[in-house]
Amino acid sequence: MDKVARRQIALWLLTCSAMVFAILVVGGVTRLTHSGLSIVEWQPIIGVVPPLDQAEWDATFDKYKKTPEYLKVNHQMSLDEFKGIFFWEYWHRVLGRLIGVVFLLPFLYFWVRRKIDRPLLPQLLGIFVLGGMQGAMGWYMVKSGLVDDPRVSHYRLTAHLSLAFLIFMAMFWLALGLLAERARPSTDATLKRLQRIGFWLVILVAYMVVSGGFVAGIRAGKAYNSFPLMNGHILPPESFVIEPWYLNFFNNMALVQFDHRLGAWLLAFLLPWFWWKIRAAAVSPAARLAATWVLVALYVQIVLGISTLLLAVPVGLGAAHQGGAMIVLGLLLWLNHELRVARVAGLAT
């Protein structure tokens, strides 16, 4: 693949990554404003057009009135109030469809023009499949809140959130590889150790994303709104009241929030240590810069998380905290990539 094609494909993937970030933030607002159950049908094509006149709005509202959320929670909601929650879910779905179009059309163009190297083709097709799974999971999640309980399944919500991060990671990592080709495995022990640490830090951030999904899904952020202790306890005494015991890790507000906090504490200590190790090693200036940005983003994210908790999850802070997780992950991927590219002076050939 020539240099121009590599840059074009990388720019396309970075654009798609930015759109995934945008839909993540919009999805956070949709969840926090309890807008996700306002559209009770899945219409991938005709659903792009919202209600256009009073009759269509009345029909759409009548469908919502049959849902458990309206009957049990919002039975006094007016049509104007309904429009407020409708449009958050509407734009969330439209943005999802737009991402699919922005991914598919350039892919077909690059494929027809034979600009995609053979090893890259299955990876791009895999991302497209993940995108389809993400759309299906989104509707599967919404359906769980349209039956009896006016809340979506926190398992499905976490799966939906995790798929978004996985798609972002795949596209962003591929784009980085196209912009700066990774070197052959290094024999330098220090660099290999840094690469291993960087990999496990990505796993830890991924754990934070999953645990954050469960926090959001069972609304655990509305409880234990104190810091650094949880209502005076390191681990609340009610953390294992559910039987069987292992369900507490997914269904118990106390333990779910504790697990999320524990991951944050680990990152708060491990990332500064990792930053110091990178500063002391013979790595590229780009790697040092990436390490610094990761550290800054992490502490901004921690401040956002603490503020969100203390204020019992206001919409703006909650959405910013969700978006901040993707920023931290993206910067950490950049750092991991910089530790592996050919321009690491003196350490890879």
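Ser-17 sits in helix α1, which covers residues 3-32. The model we are looking at is a predicted one. Is Ser-17 buried or exposed? Its relative accessibility is 3%, and since buried means under 20% relative accessible area, Ser-17 counts as buried. Setting aside neighbours within four places in sequence, Ser-17 touches Phe-168, Met-171 and Phe-172.

Now let us step back to the whole chain. Its secondary structure amounts to 11 helices and 0 strands, and reading along the sequence gives the pattern α-α-α-α-α-α-α-α-α-α-α. The radius of gyration is 22 Å, close to the 20 Å from the globule rule for 349 residues, so the chain is as compact as a globular protein of that length. Measured out along its principal axes, the C-alpha trace spans about 70 × 60 × 35 Å.

How much of the chain is buried? Buried residues account for 47% of the 349 residues. Of the contacts between residues at least 6 apart in sequence, 77% link residues at least 24 apart. The accessible surface of the chain is about 17,700 Å², and 69% of that belongs to carbon and sulfur atoms.

Two of the helices can be set side by side.

| Helix | Residues | Number of residues | Distance between end C-alpha atoms | Expected span |
|---|---|---|---|---|
| α5 | 120-143 | 24 residues | 35 Å | 34 Å |
| α11 | 315-338 | 24 residues | 35 Å | 34 Å |

For α11, the expected figure rests on 1.5 Å a residue, and the distance between its ends agrees with it. This helix is mostly covered, with 17 of its 24 residues buried.

Helix α5 likewise comes close to its expected reach. Which of its residues are buried? They are Leu-120, Leu-124, Ile-127, Leu-130, Gln-134, Met-137, Gly-138, Trp-139, Met-141 and Val-142. The cover over these buried residues of α5 includes α1, α4 (79-112) and α6 (154-179). Helix α1 is already familiar as the home of Ser-17.

Finally, there is a place to look on the outside. A nonpolar surface patch of about 900 Å² is formed by Tyr-155, Leu-229, Ile-234, Leu-235, Phe-240, Trp-245, Tyr-246, Phe-249 and Phe-250. One of its members, Leu-235, is found in the loop between α7 (189-217) and α8 (248-251). Leu-235 has a relative accessible area of 37%, so it is partly exposed.

Conventions:
Residues numbered from 1 in each chain as written. Predicted model: local features only at pLDDT ≥ 70, side-chain atom pairs only at ≥ 80, totals over all residues. Heavy atoms only, no water. Patch = residues over 30% accessible without salt bridge, like charges linked within 9 Å, V, L, I, M, F, W, Y side chains within 5 Å. Areas by Shrake-Rupley, 256 points an atom, 1.4 Å probe, with all protein chains shown as cover. Salt bridge = Lys/Arg side-chain N within 4 Å of Asp/Glu carboxyl O. Helix = DSSP H or I, 4+ residues; strand = E, 2+ residues; numbered from the N terminus. Buried < 20%, exposed > 50% of the residue type's maximum accessible area, 1.4 Å probe, protein only. Contact = heavy atoms within 4.5 Å. Expected span 1.5 Å × (residues − 1). Rg over C-alpha atoms; globule rule 2.2 N^0.38 Å.
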